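Welcome, and please load the model in your viewer. Keep the selection panel at hand as we go from stop to stop.

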Amino acid sequence: MQEDTIFAMATAPGRAAVAICRISGPRTRETVARLAGRVPAPRHAQLSRLVDPASGGAIDDGLVLFFPAPRSYTGEDCAELQVHGGAAIARALIGALGSLGLRPAEPGEFSRRAFLNGKLDLAQAEGVADLVEAETEFQRRQALRQLEGQLSRQVEDWRRELIEVGARVEAELDFSDEADVATLITSDIIVRIGRLRGQMRIALSRARSGERLREGLRVVIAGAPNAGKSTLLNALAGRDVAIVSEHPGTTRDALEVHLDLAGYPLIVTDTAGLRESTDPVERIGIDRAIRRAEAADLVLWLIEPGSPAITPPQVPEGTEVWLIGTKCDIEAPAPLLAKLAVSAATGAGLEQLEIALERFARQKLEIGGEVPALTRERHRQALKQAVQALARIAADPRLPSEIVAEEIRIAQNAVGRIAGRVDVEDVLGEIFGRFCIGK
């Protein structure tokens, strides 16, 4: 597939000031010459009239840039065509490129070629995708750190030390009778393995924070019918997202809103009121509400004045439940009953709730320290496998050298998969298939 020359619009479809088309592959230079009449100097913008070679008709006047291999994003010859952002111009340009025998790019194919050509490692490529998807300031910062190679450098340091430690063990196995090979210092090996395992365990302990920062903290609003859940969701979102009605059971399904709270990403979900019901549709909504609460990072359990006590659903250990008194403009809740009192109708208490949510998000999402964040389940599982292999060595220092060498190889390969050093073909389609076309 890398023998093909590919193209794609790198800007969203629709009307805009500028549309950008990207080209990559062995026929890029020839394609630019046929469309623009000549190839511009490398990395210099050239204003050209783009012409359809099939019909000879003009497509548009635009800027042409050429990036010869290997100094390009993909490592191949690349070009960018910047034209006016009308839909008809984009269609004409795409048609002209297709008539020249170029192939439309698949999702993520430009970044996949960059990975295959050594311009990015796998963790950096995932950073590209996260940067495109980032909606908040802290998501942007984390994605940029990963794109710049912070995680890749740490992973490579671990891999190099594992290679060195493994080489010492294997040297003892292969050349134990040779006089010029130093005797294996078991205590030194164990100390180094223990240090590596400690660093990896720290990274694992912070992995959920990295994943949650990329995906968003999940906050579920739950409670009895008419407790003010939909009204609170609308107040936090600043717009009418959910239908508000005095009739119980209005909310039947979960409604989600993505919020940017001081740079932290939150996914706030309004759920069906929890009560005994014989309505099969409402029952489905109640079951979904319980499942959402069980999967949340934080449950806001709303209590309206004079409501009967309803026990919040059981949630896993580590999930916080805040009791929030609602409609405090009508009646203030008992001081010991609720963490906060709010009135979505008047706005009372909303600022305090947002401050508390921001503090909660900061506590959950700020990673700190020198060990970079793991941002995906794939990273966490690979590092977990490496830690388990090193733990088996630490558990029994009297293991035969052959077993120790094999466990070190397991850890080395597991760590290498994070940056795509080894055995990653089975995950490439899954990773790059999630990219947008043109990236």
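A search of the whole structure, which is a predicted model, finds one cavity of 30 Å³ or more. The space inside this largest cavity comes to about 50 Å³.

To see its walls, select Gln142, Arg145, Gln146, Gln150, Leu151, Pro372, Ala373 and Thr375, the residues that line the largest cavity. Now colour helix H5 (137–147) and helix H6 (150–174), the elements that give two or more residues to this lining. Which element provides the largest share of the lining? That is H5, with three residues.

Next, try colouring the lining by residue class. You should find three nonpolar residues, four polar ones and one charged.

Our second stop is a set of strands. Select residues 46–51, strand E3, together with residues 58–67, strand E4: these two pair in the antiparallel sense over six bridges. For a landmark in this pairing, show Gln46, which stands opposite Val64 in E4.

Follow the chain from E3 into E4 and you trace a hairpin, with six residues between the two strands. Pause in the turn at Gly56, where phi is positive, at about 80°.

Keep E4 selected and add strand E5 (residues 78–85). How many bridges join E4 to E5? Five do, and the two strands run antiparallel. To place yourself along this pair, pick Phe66 and look across to Ala79 in E5, which stands opposite.

With E3, E4 and E5 on screen together, you can view E4 with both pairings: six bridges to E3 and five to E5.

Conventions:
Residues numbered from 1 in each chain as written. Predicted model: local features only at pLDDT ≥ 70, side-chain atom pairs only at ≥ 80, totals over all residues. Heavy atoms only, no water. Pairing = 2+ DSSP bridges. Helix = DSSP H or I, 4+ residues; strand = E, 2+ residues; numbered from the N terminus. 1 Å grid on protein atoms, 1.4 Å probe; cavity = no way out; pocket = protein on both sides within 12 Å on 5 of 7 lines; lining within 4 Å. Points joined across faces, edges and corners; volume = space filled by probe spheres on them. Nonpolar A, V, L, I, M, F, W, Y, C, P; charged D, E, K, R; others polar.
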